[in-house]
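User: I am new to this structure and would like a close look at a single part of it. Please take me through one chain and the side it turns to its partner.

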Amino acid sequence: MAQTSPVLAVKRPLTVSKTSVEPVADSDKRWTSLIYSYAGAATFWLIWGTLVGLYLSYKFAAPDVDHISWLSYGRLRPVHTNTVFWGWSSLAMIAAALYVVPRTSMRRLWSYPLAWVAFWLINVSVLAGDVMLMAGINNAGQEYREYIWPVQLVFAVGVILVAYNLARTIADRGIEEIYISNWYIMAAFLWTIPLVVFAYIPFYQQNAISQTVIQGYYMHMGVGMWFTPFVLGLTYYVLPKLLNKPIYSYSLGVLAFWAQLIFYTMIGAHHFIFAPTPWWIQTVAIIFSVAMIITLAAGTGNFLLTMRGEGRTIARSYSLPFILAGVISYFLFSAQGSLEAIRSLQGIWHFTNYTVAHSHLTMYGFVVLLIWGALYGLLPRLTGHEPPAFWVGVHFWFAVVGLTLYSFALMIGGSVQGLSWMSGSPFIESVKAMASFWLWRAVGGTLMFLSHIIFAFNMWAMRPRAATSSAAAPAATEVAQ
Amino acid sequence: MNLHKNHWLLFSVTFFVFVGLSLIIAIFPAMWVQDNSEPLPGAVPLTALEREGLGVYVAEGCVACHTQQVRPLEMDQAWGRPAAPGDYAYVTPLGVWAPYAPAVLGSERNGPDLTNVGARQASDVWQYIHLYNPRAVVPDSVMPAYPWLFDRVADAPPGKAVPVPAAFAPKDGSKVVPNARGEALVAYLLSLKQVSLTAAPAAEAAPAAATSAATEAPGTAPATEVPAAAPPAAAPEAPAAETPAAEAAAAEPSAAEVPAAEPSAAEPAAAEPVTQGAAAATTGSATTEAATTEAATAEAATTEAATTEAAQPAAPVEWDEALGESTFMASCAACHQATGQGIVGAFPPLVGNAVVGADDPAEHIATVLYGKPGGGVIDGVTYTSPMPPFAAQLSDEQIAAVINHERTSWGNSATLVTPDAVAAARKAGQ
């Protein structure tokens, strides 16, 4: 304790100085520009998708702010969800996977041209899908599959090309064992591709009840069999890498993997509890939702035990706080999802804004925070340029505080809504009761959006360019005050 | 053979286990459900215009905020009886670009459930004003306005112009007329009416007796004049029970297993035989309190009726003010507004209204029971929008309570009516 630490010092500065990453060992320009392009496009979709989301949150306070059909709530809502799903999160995860898979396989990416074709297919499909949604063309109003099938087909071809590319890279690996990250990342593809195919085959979705059975399956797996395993796989690489120590238990990771596959696949119907779909599917969904606690405990336990005793390292890193917060969110809010599936609680919260809070706590608090942790952790190693640590910190706190405001407003508000309905008051009373909660949601959403602008700025600071590490060093140790 | 070393084995196991589980939990159940969701016997398919309206409903993303899914929970009774698979049999794909049944069940209720909106808000004029700008009729609404479902024209064909209140109407004085998409959407919304689980196809009026305790029979027109129905359990031979849809509904646990839905269905009918016809006619718009207080009100009314046969009893009328207010809010306030002021030029005020203030309530009762199909001249102002009839949706107790609510609120102070007077008017016919 001879050395004074900014973390432990009595007089604490506003920010802690952050350590910088080691210089890039082998830089491959083709590789760098490919990955940065994926991450850059993702950032663009993040700004667009959350700008739309923010605008929608204002519409609850000012429904007459515009009377333009293309900007109406019903049309923009799926633009927000689909853009942040398929444009931002998916492209960002693929960007990180294009780094992690070749690294852990000790091989170059199998094909660069194929990766570029996939890049354009995915971006074009999100652009076309968004324009069509705003024009009022959607896929029968089915949540998270609002892009009509020709658009989703283009997206799917892109994803299949990425999957094939990564699978060939893994098959060609320079070590004998397949690292656990690649289990999860490949599984995300191998689960999502049949999922999308099943969701877009029409012949067993010809009346609204059979469609609902598929909808529950699809909307849940779309999140849980794509984003969840994908970011977990990335974290199985990024976390040990940034801590410079092995993962706590490889076996726990494998256990969580199989538990994810067996349990998670069965729980989609919990989105339609009390609907006139077969009761047994709903009961199975509830049982397996509760069983997900095993998967959660194994996954988060593994990460937290890896991080044990590394508090100072985490405090002195600008990327690890995102991962710590993301892992905690993974446990808390997935467990929240299991609880919500139970019939008595679902009775109160179903159809309310509580669900909106839950989806943001998981998609944002868990998935997106881990994506940011991975991008901040990996991109500087690739480009040789670090983002200003101060602004990464601002990004972190705006995002976390914004999300907290957003979700607590909607969780409390959603409960108020449900109780209002239960009391038998006229429906409009629940709308009036929500007004202040919707306002707080907009405030939280504004903070979140500002954090995305800062993230875009940090992305710009990490861009690949000629002058390397010398310029990055002073920026990394920048301290306010 | 090692999952850690053999990538093709790992990938295959991962892939095929998922596909197998998907077949079990989603694909096969969807196929089974699809083959076992026959339309309810009383249901009618959507017309071409209504299907076009369903298309508009989907395109505008109405499903984002409105459900069409009544759960077998007490809190959902405000929206109708619990949904059955057969309710959705006619919700079928709209075209090759989206060859799937539209996702009308929804997942969020920022706005009310629309399962029964065609019965609840049957006025097309109200629907048009509400779509043009929801705040014109529901001041606290957060729903978007849909002006692009309307044309603004200098001269509207007679009866076509939507009487939008001045504060929301175009400033240049042009008339608002629904365009084809607007007309289709309203036709679709007005088609959203729950049909009885047990009613037979229109021609052969089947007894409205429930086939199971949980299958309430709302919306059964009193025209069928059901002789005080047998106790719910004693109607095993009801013809409707033979149809596959009813079988599916009966086998469907969501309708049968949850006890919350049962008491409301069984209680009013069993408790008070005199009001049985009325109880059977109670629609889903009856609130929870309505269902529970109904029997008590009815009892009070019958004792009263025993002493005096007159429409206007000499003794002060005891009535359920809470029932009156809740029924008014659920069935009347959308047009006449919670303030009773109506909407200028569209829906008449009830404050200072000659019919509401009249000593003889006969016309007031008749108006609520049978509506005013062609609008009419009220206090010197001509209204073109029809007033819908409520005879099929509200019980005598509810109608009496709502009339009394109107006669005693907002400064009104007129003679009160009894459920018995309503029953008498109902019996006398239009």
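**Chain A and its contact with chain B**

Analyst: In this predicted model, buried residues make up 57% of the 481 residues in chain A, and that is a good place to begin. The chain holds 15 helices and zero strands, and its C-alpha atoms occupy a box of roughly 65 × 55 × 45 Å along the principal axes. Its radius of gyration is 22 Å, which agrees with the value near 23 Å that a compact globule of 481 residues would have. Among the contacts in chain A with a separation of 6 or more, 84% join residues that are 24 or more positions apart.

Turning to the partner, the contact draws 71 residues from chain A and 74 residues from chain B. On the side of chain A that touches chain B, at least two residues each come from α2 (73–105), α4 (149–171), α5 (180–200), α6 (208–243), α8 (279–307), α13 (389–423) and α14 (427–461) of chain A. Of these, α6(A) gives the most, with nine residues. By kind, the residues on this side of chain A divide into 41 nonpolar, 23 polar and seven charged.

As for the partner itself, chain B is divided into domain 1 (39–194 + 235–248) and domain 2 (261–430), and the contact between these two domains takes 22 residues from domain 1 of chain B and 19 residues from domain 2 of chain B.

Conventions: Residues numbered from 1 in each chain as written. Chains lettered and ligands numbered in written order. Predicted model: local features only at pLDDT ≥ 70, side-chain atom pairs only at ≥ 80, totals over all residues. Helix = DSSP H or I, 4+ residues; strand = E, 2+ residues; numbered from the N terminus. Rg over C-alpha atoms; globule rule 2.2 N^0.38 Å. Buried ≥ 20, exposed ≤ 12 C-beta atoms within 10 Å, placed from the backbone. Contact = placed C-beta atoms within 7 Å. Nonpolar A, V, L, I, M, F, W, Y, C, P; charged D, E, K, R; others polar. Domains from an automatic or database assignment.
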